[in-house]
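Open the structure in your viewer and keep the selection panel at hand. Each stop below tells you what to pick and what to look for.

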Amino acid sequence: IPDLEVDLNFIWAKVYAQIHLGLVRMQDANKAVPIGVSFPEYAYERFLGKKLRLFANDEATLNRFNVSKCLERLTDYIHISSVRAVVANQIKGYVQVKRYHQPASLGSLARRYAKRHLDTSVEGALHRLNGYKVDNTHYPYIHLSSLSGKKAFSLFICQTQASEWVEGVFNTYGFSERATLPHF
């Protein structure tokens, strides 16, 4: 829900932390989750949008997840719709949603290299890494804090078009390296 006093990034952080915790509770013995997420308003390199969709193979799985319970403390900032079936003629295509690990800067890589190779200085490592290209792709992200390690991190999200539906399982962020989801 639009709110001039509360930043969208702040809301995303709160919402996604709760979604992640709910998905952790849904994982099986193989750490697979039966629920995937997508961002209908996603804009590459810029914006996650203001919507999040949860997908499962059946309504019972989404009811068991109980997104309303997960997000009950945030009801002043969000709107949750009821579970609905995907309508085949509304599907525009498919998307794959996965985590993108932002590569370290050249300076960070050099410091790490020097730490692992005690006979090399940071300057020597920089010289050794000469010509190495750092990927400067910018994906939208959500700032989160690890509950186990208490460290803050950015969860970069890469959502790409896919040509077909691919069944699969998801991780505790609702992402998959293989599965695709309907986009509408």
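The tour goes from the whole chain to the sheet, then to the cores, and ends at a few single residues.

**Stop 1: the whole chain**

Bear in mind that this is a predicted model. Show the chain as a cartoon. You should find 5 helices and 6 strands. Trace the chain from the N terminus, and the elements come in the order α-β-β-α-α-β-α-α-β-β-β. The C-alpha trace spans about 60 × 40 × 40 Å along its principal axes. Of the 184 residues, 36% count as buried. Now think about contacts between residues at least 6 apart in sequence: 64% of them join residues at least 24 apart.

**Stop 2: the sheet**

Select strands 3, 4, 5 and 6. In which order do these 4 strands lie in the open sheet? The order is 4-5-3-6, with antiparallel pairing. Strand 4 and strand 6 stand at the edges, each with a single partner strand, so one side of each has no neighbour in the sheet. Look along the sheet to see the twist: neighbouring strands are turned by 40° against each other on average, direction ignored.

Now zoom in on the pairings. Strand 3 and strand 5 run antiparallel and are joined by 7 bridges. Pick Q96 and look across to its bridge partner in strand 5, T160. Then pick V97, whose bridge partner in strand 5 is Q159.

Move to strand 4 and strand 5. This antiparallel pair has 5 bridges. L144 stands opposite F153 in strand 5. Follow the hairpin round: 6 residues lie between the two strands, and K150 takes a positive phi near 60°.

**Stop 3: the two faces of strand 4**

Show the side chains of strand 4 (141–145). Which of them are buried, and which are not? The side chains alternate along the strand. I142 and L144 point to one face and are buried. Y141, H143 and S145 point to the other face and are not buried.

Next, add helix 1 (8–26) to the view. Helix 1 packs on the sheet and touches strand 4 and strand 5. The direction of helix 1 makes about 65° with that of strand 4.

**Stop 4: the cores**

In soluble globular proteins, nonpolar side chains tend to be buried together. Here, the largest nonpolar core has 23 residues. Select Y16, F39, L48, I142, L155, I157 and F175, which have the most contacts inside this core. Helix 1, strand 3 (93–100), strand 4 and strand 5 (152–162) each give two or more residues to the core. Strand 5 gives the largest share, 4 residues.

Centre the view on Y16. What does Y16 touch, leaving out residues up to four places away in sequence? Its contacts are V37, F39, L52, I142, L144, L155, Y173 and F175. Apart from this core lies another, of 15 residues. To find this other core, select V15, I35, V67 and C70, which are among its members.

**Stop 5: T180**

Go to the loop between strand 5 and strand 6 (181–183), and select T180. Is T180 buried or exposed? T180 counts as buried because its relative accessibility is 4%, below the 20% cut-off.

Draw two distances from its side chain. One reaches the backbone oxygen of E164 at 2.9 Å. The other reaches the backbone nitrogen of V166 at 2.7 Å. Then show the surroundings of T180. Leaving aside neighbours within four places in sequence, T180 is in contact with Y94, V95, Q96, A162, E164, W165 and V166.

**Stop 6: G168**

Stay in the loop between strand 5 and strand 6, and pick G168. G168 is partly exposed, with a relative accessible area of 34%. Now add G36 to the selection. G168 and G36 are 132 residues apart in sequence, but their C-alpha atoms are 9.3 Å apart in space.

**Stop 7: a charged pair**

Side chains of opposite charge can pair when their charged atoms come close. How many salt bridges does a search of the whole structure find? The search finds 1. Select E72 and K69 to see a salt bridge whose closest N and O atoms are 3.4 Å apart. E72 counts as partly exposed, at 44% relative accessibility.

Terms used: Residues are numbered from 1 along each chain as its sequence is written. This is a predicted model: local features need pLDDT of at least 70, side-chain atom pairs count only at pLDDT 80 or more; totals for chains, interfaces and linings use all residues. Side-chain values use heavy atoms; hydrogens and water are left out. A nonpolar core is a set of buried Ala, Val, Leu, Ile, Met, Phe, Trp, Tyr and Cys residues joined through side-chain atoms within 4.5 Å. Buried means under 20% relative accessible area, exposed over 50%, partly exposed in between (1.4 Å probe, protein chains only). Contact means heavy atoms within 4.5 Å. A polar contact is a pair of N or O atoms within 3.5 Å; within protein, one must be able to donate a hydrogen and the other to accept it, and residues adjacent in sequence count only if both atoms are side-chain atoms. Two strands pair if DSSP finds at least two bridges between them. Axes are lines fitted to C-alpha atoms, for helices over the stretch in contact, and angles run from 0 to 180 degrees between N-to-C directions. A salt bridge is a side-chain nitrogen of Lys or Arg within 4 Å of a carboxyl oxygen of Asp or Glu.
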